[in-house]
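User: Could you take a close look at the side-chain contacts in this model for me? I would like to know which residues pair up and how open they are to the surface.

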Amino acid sequence: MKIYFQFMYILLFSIVGEFLSTGLNLPVPGSIIGMVLLFICLKFKWIRLRQIYDAGQFLIENMTILFLPAGVGIMSHWNSISKYWWQITVIFLVAIVVNIAVIGFVTQFVKRRFEGDFKK
């Protein structure tokens, strides 16, 4: 019974995010807004991690199932997408390089800022 309440918390934030995204015509998906709201509530301890931990672990462990609809959608529209395969490949590769660069810069910044040599 506990896991149902944990899923309820996660889904409640997702629904609130969907309402905000739709109601305010935001270009951000409602699920992302919901997860940001959930993060804020966890950060300010309005919700404890133990209240969503088991459901969150279950979702993380079964994440591949959550990507299945996207893969099916790509395959069902393959005739439309196949004309642009090289553009999609270039975008994909550029996105990987940009992500690696940003992660590297952020890691260096955090390491220098928070893990530097401190004088006692």
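Analyst: Happy to help; here is a walk through the contacts, starting with charges and moving on to rings and the nonpolar surface. Please keep in mind that this is a predicted model.

Let's begin with the charged contact. One salt bridge turns up when the whole structure is searched. It joins the side chains of Lys-2 and Asp-54, with 2.9 Å from N to O. Lys-2 belongs to helix H1 (residues 2–23) and Asp-54 to helix H3 (residues 53–61), so this contact ties together parts that lie 52 residues apart in sequence. How open are the two partners? Lys-2 has a relative accessible area of 54%, which makes it exposed, while Asp-54, with 31%, is partly exposed.

Now for the rings. A pair of aromatic rings is described by the distance of the centres and the angle of the planes. The count comes to two aromatic pairs here. In one of them, the ring centres of Phe-7 and Phe-58 are 5.9 Å apart and the planes stand at 90 degrees; planes over 60 degrees apart count as edge-to-face, so that is the label for this pair. Phe-7 sits in helix H1 and Phe-58 in helix H3, 51 residues apart, and the pair thus links distant parts of the chain. Both rings are partly exposed: Phe-7 has a relative accessible area of 22%, and Phe-58 has 40%.

Phe-44 and Trp-46 also form an aromatic pair, this one stacked, with 5.3 Å from centre to centre and 25 degrees between the planes. Phe-44 and Trp-46 are both exposed.

These two residues lead us to the nonpolar surface. Phe-44 and Trp-46 are part of a nonpolar surface patch of about 1,100 Å². Its other members are Leu-12, Val-16, Leu-20, Leu-24, Leu-26, Val-28, Ile-32, Val-36, Phe-39 and Ile-40. Which elements give two or more residues to the patch? They are H1 and helix H2 (30–43). H2 provides the largest share, four residues. Val-36 is a good residue to click on, as it lies in helix H2 and belongs to the patch. Val-36 has a relative accessible area of 44%; values between 20% and 50% count as partly exposed, so Val-36 falls in that class.

To draw the threads together: helices H1 and H3 are linked by the salt bridge of Lys-2 and Asp-54 and by the ring pair of Phe-7 and Phe-58, whereas H1 and H2 each give two or more residues to the nonpolar patch.

Notes. Residues numbered from 1 in each chain as written. Predicted model: local features only at pLDDT ≥ 70, side-chain atom pairs only at ≥ 80, totals over all residues. Heavy atoms only, no water. Salt bridge = Lys/Arg side-chain N within 4 Å of Asp/Glu carboxyl O. Buried < 20%, exposed > 50% of the residue type's maximum accessible area, 1.4 Å probe, protein only. Patch = residues over 30% accessible without salt bridge, like charges linked within 9 Å, V, L, I, M, F, W, Y side chains within 5 Å. Areas by Shrake-Rupley, 256 points an atom, 1.4 Å probe, with all protein chains shown as cover. Phe/Tyr/Trp six-rings, centres within 6.5 Å; stacked < 30°, edge-to-face > 60°.
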